[in-house]
Amino acid sequence: MAALQDTADPTGVGTISQSERFAKAFAEEEGKGLELAIKGRTAALAVMAVLVAFVNRFPDVLYYHFFIALFTISGLLVLRLHRVGRLKE
């Protein structure tokens, strides 16, 4: 049972508990999920930007492109904060 609770650290520095390994694994998967969600959202927004450009006339399209760009930048900012480690949930 002790083998399940404490395992050798891959870096060789010490031992890490099973709960710490789970927390690290969940944090990594959460980051991967966030990255996938933002990539998907950015791709969908790019398609919407092209569609809006064909549907609306020139002055009106700038309004929609502004909000699409704002939404894209906010998603990329969240991803950047998560990568740097400043985003706490």
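This is a short tutorial dialogue on reading a predicted model.

User: Before I look at any detail, what is the mean pLDDT of the chain?

Analyst: Happy to start there. The mean pLDDT is 80, and 80% of the residues reach 70 or more. Residues 1-6 are another matter: their pLDDT is below 50, and beyond near neighbours in sequence this stretch has seven contacts in the model. Where pLDDT is low, the predicted coordinates should not be read in detail.

User: Good to know. How many helices and strands does the chain have?

Analyst: Three helices and two strands. Along the sequence they follow the pattern α-β-β-α-α.

User: And what share of the chain is buried?

Analyst: Buried here means under 20% relative accessible area. Of the 89 residues in the chain, 12% are buried. As for the surface, the chain exposes about 7300 Å², with carbon and sulfur atoms supplying 68% of that area.

User: How do I read contacts along the sequence?

Analyst: Look at how far apart the partners sit in the sequence. Taking contacts between residues at least 6 apart, 37% join residues at least 24 apart.

User: Let's turn to helix α3. How does its reach agree with what is expected?

Analyst: One way to read a helix is to set its end-to-end reach beside the expected span. Helix α3 covers residues 58-84, which is 27 residues, and spans 38 Å from the first C-alpha to the last; that is close to the 39 Å expected at 1.5 Å a residue. After α3 comes Gly 85, with a positive phi near 95 degrees.

User: Which residues of α3 are buried?

Analyst: Val 61, Ile 68, Thr 72, Gly 75 and Leu 79. Their cover includes helix α2, residues 18-55.

User: Now salt bridges. How many does a search of the whole structure find?

Analyst: Two. A pair counts when a side-chain nitrogen of Lys or Arg lies within 4 Å of a carboxyl oxygen of Asp or Glu. Lys 32 and Glu 29 qualify at 3.7 Å, N to O. Glu 35 and Lys 39 form a salt bridge too, with their closest N and O atoms 3.3 Å apart.

User: Where do Lys 32 and Glu 29 sit relative to each other?

Analyst: They are three residues apart in helix α2, so about one helical turn separates them. Glu 29 is partly exposed, at 47% relative accessibility.

User: And are Glu 35 and Lys 39 buried or exposed?

Analyst: Glu 35 is partly exposed at 25% relative accessibility, while Lys 39 is exposed at 52%. These two residues are four apart in helix α2, so they too are separated by about one helical turn.

Methods
Residues numbered from 1 in each chain as written. Heavy atoms only, no water. Expected span 1.5 Å × (residues − 1). Buried < 20%, exposed > 50% of the residue type's maximum accessible area, 1.4 Å probe, protein only. Contact = heavy atoms within 4.5 Å. pLDDT = per-residue confidence, 0-100. Areas by Shrake-Rupley, 256 points an atom, 1.4 Å probe, with all protein chains shown as cover.
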